[in-house]
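Work through the three exercises below with the structure in view. Each task is followed by its solution.

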Amino acid sequence: MALFGSSVREGLPYPLGATWTGLGVNFALFSANATKVELCLFDAQGEQELERIPLPEYTNEVFHGFIPDLRPGTFYAYRVHGPYEPEAGHRFNPHKLVLDPYGKAVVGELTWDPALFGYTIGHPDADLSYDTRDSAPFMPRCRVIDPAFTWGRDQPPAIPWERTVLYEAHVRGLTKLHPEVAPESRGTFRGLASPPMIRHFKRLGVTTIEILPIHRFVDDSYLVEQGLTNYWGYNTLCFFAPARRYAQTPETAYSEFKEMVARLHDSGLEIILDVVYNHTAEGNHLGPTLSFKGIDNASYYRLLPDQKRYYINDTGTGNTLNLSHARVIRLVNDSLRYWVTEMHVDGFRFDLGTILAREPHGFDEQSGFLKAVEQDPVLDAVKLIAEPWDCGPGGYQVGGFPPGWAEWNDKFRDTVRAFWKGDDAQMPALASRLTGSADVFGRRGRKPWASVNFITAHDGFTLADLVSYNEKHNEANGENNRDGHSHNLSWNCGAEGPTDDPEINAIRERQIRNMLATLLLSKGTPMLMAGDELGRTQQGNNNAYCQDNEISWVDWNMGARGEALTRFTARISALRRRFPLLTRGRFLNGEWDETLGLKDVTWLAPDATEMADEQWAEGHARCMGVLLDGRAQATGIVQRGNDATLLMILNAYHDVVAFTLPEVVGGREWRLLIDTNLSDEDTAGEPNFPFEHPYSVTGRSLLLFELVLEPTYGVARTKRRAVHVPPRPVAADQTYAATLAIVEAEMAAEEA
């Protein structure tokens, strides 16, 4: 490589990062407190440092310079000069190579070594000491990219929130064991968007894939020492670079990610990134100097106001990004816009999202970050999902985010788990969760979709483990089972772990179906966790963050059991699509509508009478019916709806309950769609049931019925909505089998 120092020009202070212009590369780095920035250029292998070039200009707290004839593929990093005064919040040390916060590609592995730390490990002054060893031999490098990519006619699917079904997955774990994915593509971006996976997504009725962090991240030193990895990826090093470990060919990770997005979009599927803007991999005051800490520690991180040597630790990871600083807000928003405009993603799930909205005085719905996002036309057009909690003061903010945001609703998770587990006094809370959690989200024009309903996620038990273990079993993590939550609201159904007892296994399978059906039939945005539809187990590990192995990988060879459960999940998802009543953008309140002469939802006791106050207060009650009236107002326009009327019965009692099927004006009988105690074949053999029929609801089961109308109330449904047609007879023999045939035909048409 020729030397470029003599040709450096002033360049521009924008855009930040390394930008190839076609004539050379512009470098721009923000630091409010540095005294000098040196650009380090490396050889073609990224190994030997060839040249250090001081960036010649400093404009608006940005060091910048332009180097003519420098091309994409160049390896670079920085050395930043300034005061090393930890007690004042400054940790500059030019002996430490630091990565560009705006680096679009990060190449090479980080090797844990004492030279990575700005202080001398073991020194009596700890981090107040100063280390002069060069960290470059142990650091990865940034690489200048050529952003060109032929997107063709790629368009975002723009799935409406009301139709969104999320599927949370890990890029590597999803396909690592998939027998139909090409071996070289397993565990990669290409594997995730391969034809077998797209067929599976479409079969399940999934619309949106939410993938765990793929920003370049670091394997923690204590994990490396134990032979483990940071499998989940919540330890970000750079907010712009995709992790090379998920590429079939690491050198082409950038383009392989784009290929994945393009293939998903071509199939009508969205992609959402789980992003970690709350902390970085640099840890606390005893952590390494890898990027932000050595560039401008006092600006990038929240420090204790009266002891700036130490970090505010609202994340539990050692540090917290300072989202009260305008430049840090810009960094995060620039990253988000980059992933939308350049990488074409469809939205984001924000890990520990409360931190992004925290100002020095606490969580603020009008925080700088939230206002910046709300006014941004690029970000306002994509899906934004908050994990609305952290471990800081006032950190639990479910329902506290502004209009336009969706939020993970752990109230749904906990209530549904507790109800099906058989805990007392769950029915009042369950009623709210089934109808969109209006008590949490019903304000300021927010819609039911704002509640992201989930029962399992990457953090915790799988659905199969939720019904197989009373206690966590995290021994493989090397922390003597001390890590992970102990309050799981799980029930092993009578035996801890795998068993050959057919009765216990039957209850477990029914409980899984109960919870899947509850999830997909409730108002709100459902989120499935990858593998739950197959009955995947993590062997009782509820904190598999460091298990990059068969514990975490999805096992696709689940045999007849996995196929039956997948088929059930697909059928429930298809019913959700088939009945617009389940996805209407209005909260249900159960109040009498004088204008329309009906209630949108009626809560029924087993004798088919409306539940009274004393029944709601009965802590031992375990069974109720939910009558959803399709004639209720569907939008803000006051007029009758024309959807099907549905009856859902949930019985968490351990024994059979005789439930009287209610009489409904305009109907003549009930058609059974789902009974989680029956197989498809058995359900198909059931006739329609007359009003006042005492249906024997099996202990721990869920049922769904559709009202069969009198001929004068005939209804024909299109694929997406229901419309009135002239009266016609409804065939008495149009039972479950016919309904299932319609649903499966729709599924096949969507796949095609």
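**Exercise 1.** Find the bridge partner of Tyr58 in E6, then place both strands in their sheet.

Solution. Tyr58 has Phe63 in E6 as its bridge partner. Strand E6 covers residues 62-68 and runs antiparallel to E5, with three bridges between them. Two strands pair if DSSP finds at least two bridges between them. Helices (H or I, at least four residues) and strands (E, at least two) are DSSP runs, numbered from the N terminus. The open sheet has four strands in the order E1-E2-E6-E5, paired antiparallel. E1 (17-20) and E5 (57-59) are the edge strands with a single partner strand each, so one side of each has no neighbour in the sheet.

The model is predicted: local features need pLDDT of at least 70, side-chain atom pairs count only at pLDDT 80 or more, and totals for chains, interfaces and linings use all residues. Residues are numbered from 1 along each chain as its sequence is written, and side-chain values use heavy atoms, leaving out hydrogens and water.

**Exercise 2.** Explain why helix H6 (residues 292-300) is largely enclosed by the rest of the structure.

Solution. Buried means under 20% relative accessible area, exposed over 50%, and partly exposed in between (1.4 Å probe, protein chains only). Eight of the nine residues of H6 are buried, so the helix is largely enclosed. Among them are Phe292, Ile295 and Tyr300. Their cover includes strand E2 (24-30) and helix H7 (326-341).

**Exercise 3.** State which residues of H9 meet H13.

Solution. Phe412, Val416, Trp420 and Lys421 of H9 meet Gln511, Asn514, Met515, Thr518 and Leu519 of H13, where contact means heavy atoms within 4.5 Å.
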